[in-house]
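Okay, thanks for coming, everyone. I'll put the sequence and the structure up, and then I'll walk you through a few spots I'd like you to look at.

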Amino acid sequence: MATKLSTRAILLSLFLGLAVFTGKPVATHGGGTKDAVADKVRKIVATAIQDNPGVGPALIRLLFHDCWVQGCDGSVLLDGSKTEKAAKNNIGLDGFAVIDEIKAKVGEDVSCADIVVLAARDATFIVSRGKIDYNVTMGRMDGVKSSAAAADAVLPPSTFNITQLNANFAAKGFNTRELVALSGAHAVGVAHRSSFQDRLDNATATPIVPKYRKALTDDVEKQKKLQGTQDPIEPNNIRDKELAFRNASGYDDTGVDTSKAARGVLDNSYYHANLQNKVLFRSDWELRNDTTGVAGGVMATFEANANKWFLQFGNAMAKLSKLPAEGTRFEIRKNCRKNN
Ligand code: HEM
């Protein structure tokens with residue numbers, strides 16, 4: 001079907017297309033390019049994270065989950081019982097209210113897909129305390145299709161092994177180094193018990209440090225009561241657990257900032273945890289099983305050199321933000337939750 005666009009949207013996309021063609025960045029955090037839209041987004045994201053620090057990781061994950069499925073097209077934002085939001089692999093996905101807030105401020109000329117990209121860029125900058133900065137361009141359009149089945153077919157589940165992870169990333173043009181770099185996002189945020197239960201069960205457990213496994217199993221039982229649910233959340237990063245938990249797990253915090261102020265900060269501590277086999281997901285642990293030695297080597301580099309990871313994570317996020325939309329019909333949505 002032919003693309004249906006209003007004259008206004010065509011003019012806008014031509015303008016923005018030119019911006020992309022010339023490689024003009026939307027804005028740099030250093031304050032180089034002044035862009036009103038980018039400024040508005042940055043302010044809203046900063047306030048939202050200040051009010052609720054969980055918003056930062058949520059927005060970072062949202063970029064991955066939007067762009068991995070049919071490219072960066074805002075399809076993850078569409079409401080519906082069978083849309084991407086209903087996908088099993090989208091459990092816990094969040095940040096939608098912030099996207100709505102941004103949309104209300106930037107107006108009808110900015111696509112929801114662009115908002116996801118800008119918000120993730122700002123969240124990354126803020127949560128990493130300014131250590132990870134990358135430029136993005138604008139001009140994306142919103143797709144009109146969103147399917148839970150399509151999302152579950154391409155988003156990697158936490159139970160994937162290294163062969164499956166490599167194949168999943170290769171299908172999108174990402175190599176093992178980029179897989180390892182992007183997995184470092186699991187330094188922040190939370191996960192539901194059901195996303196790592198396989199690591200705790202006797203039958204399916206991948207080798208996991210027994211002390212960590214016990215501490216986690218005990219804590220999950222505690223959290224079930226505290227949170228009043230059979231599927232409570234735990235922080236992804238052992239760094240963000242209290243001292244008693246870290247000690248009980250035998251966590252070696254050499255080289256990791258475990259001060260209260262460092263909790264929830266996006267840094268290279270994921271690699272410290274992973275190389276000690278104290279990570280939640282099988283997919284994290286599997287990075288140690290790459291028989292080519294590439295993933296292991298990259299993890300050791302990132303563990304030893306935070307700056308290298310900051311740079312490569314930023315590069316991979318910028319690349320993620322460029323995954324082209326795959327649909328045939330596009331628009332700029334008025335409301336990010338539904339098609340026009
Ligand atoms: C390599 C394959 C990946 C797998 C299998 C995976 C899996 C998961 C799972 C299961 C969760 C927890 C969901 C829940 O139970 O609530 C999660 C959380 C998260 N993931 Fe991933 N992920 C992967 C890659 C990525 C990438 C590439 C990024 C970003 C660049 C990312 C960023 C995050 C963040 C920030 C969270 C925490 C979200 C929050 O607290 O709201 N993940 N991931």
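**Helices, pockets and a few odd residues**

Let's start with α5, which is mostly covered: 14 of its 16 residues are buried. Keep in mind that this is a predicted model. Does the length of that helix come out as it should? At 1.5 Å a residue, the 16 residues of α5 should span 22 Å, and the end C-alpha atoms are 22 Å apart, so the two agree. Right after α5 you reach R129, and its phi is positive, near 55°.

Now slide along to α10. Here we have 18 residues that should span 26 Å at 1.5 Å each, and with the end C-alpha atoms 25 Å apart, that agrees too. Which residues of α10 are buried? Those are Y212, A215, L216, D219, V220, Q223 and K224. What do they pack against? The buried residues of α10 sit against α9 (197-200), β3 and α11 (243-249). And just past α10 there's G228, with a positive phi of about 65°.

Okay, pockets. The largest one has a volume of about 1200 Å³. Its lining is made of 46 residues, and if you want to find the middle on screen, look for R61, H65, I91, H186 and F281, which lie nearest the centre. Several elements give two or more residues to that lining, including α3 (55-67), α4 (96-106), α7 (162-170), α8 (176-183) and α15 (306-320). Which element gives the most? That's α3, with seven residues.

What's the chemistry of that wall? By class, the lining of the largest pocket has 25 nonpolar, 16 polar and five charged residues. As for domains, domain 1 (7-155 + 323-331) and domain 2 (173-317) each put at least three residues into the lining of the largest pocket.

Then there's the second largest pocket, with a volume of about 370 Å³. This one is lined by 21 residues, and P53, G54, P57, R263 and G264 are nearest its centre. Our two helices turn up again here: α5 (112-127) and α10 (210-227), along with β3 (233-235), each supply at least two residues of the lining of the second largest pocket. The biggest giver is β3, with three residues. By class, the lining of the second largest pocket breaks down into 11 nonpolar, five polar and five charged residues.

Where does the second largest pocket lie with respect to the domains? Domain 1 and domain 2 both give residues to its lining, so the pocket lies between them.

Let me finish with some single residues. Go to C72, in the loop between α3 and α4. Is C72 buried or exposed? Its relative accessibility is 2%, and buried means under 20%, so C72 counts as buried. What's around it? Setting aside neighbours within four places in sequence, C72 is in contact with a list of residues that includes D66, A113, R140, M141, L323 and A325. Take A325 from that list: C72 and A325 are 253 residues apart along the chain, yet their C-alpha atoms are separated by 5.4 Å.

While you're in the loop between α3 and α4, look at Q70 as well. Q70 isn't a glycine, but its phi is positive, about 65°. Why bother pointing that out? Because most residues other than glycine have a negative phi.

There's another such case at N277, with a positive phi near 60° in a residue other than glycine. You'll find N277 in the loop between α12 (269-275) and α13. At 7% relative accessibility, N277 counts as buried.

Last stop, Y271, which is in helix α12. How accessible is Y271? The relative accessibility is 0%, so Y271 counts as buried. Leaving out neighbours within four places in sequence, Y271 is in contact with V180, A181, S183, G184, M299, F302, E303 and W309. Pick out M299 there: its C-alpha atom is separated from that of Y271 by 5.9 Å, and the two residues are 28 residues apart along the chain.

Okay, that's my tour. If you go back to one thing on your own screen, try the second largest pocket, and find α5, α10 and β3 along its lining.

Technical notes: Residues numbered from 1 in each chain as written. Predicted model: local features only at pLDDT ≥ 70, side-chain atom pairs only at ≥ 80, totals over all residues. Heavy atoms only, no water. 1 Å grid on protein atoms, 1.4 Å probe; cavity = no way out; pocket = protein on both sides within 12 Å on 5 of 7 lines; lining within 4 Å. Points joined across faces, edges and corners; volume = space filled by probe spheres on them. Helix = DSSP H or I, 4+ residues; strand = E, 2+ residues; numbered from the N terminus. Nonpolar A, V, L, I, M, F, W, Y, C, P; charged D, E, K, R; others polar. Domains from an automatic or database assignment. Expected span 1.5 Å × (residues − 1). Buried < 20%, exposed > 50% of the residue type's maximum accessible area, 1.4 Å probe, protein only. Contact = heavy atoms within 4.5 Å.
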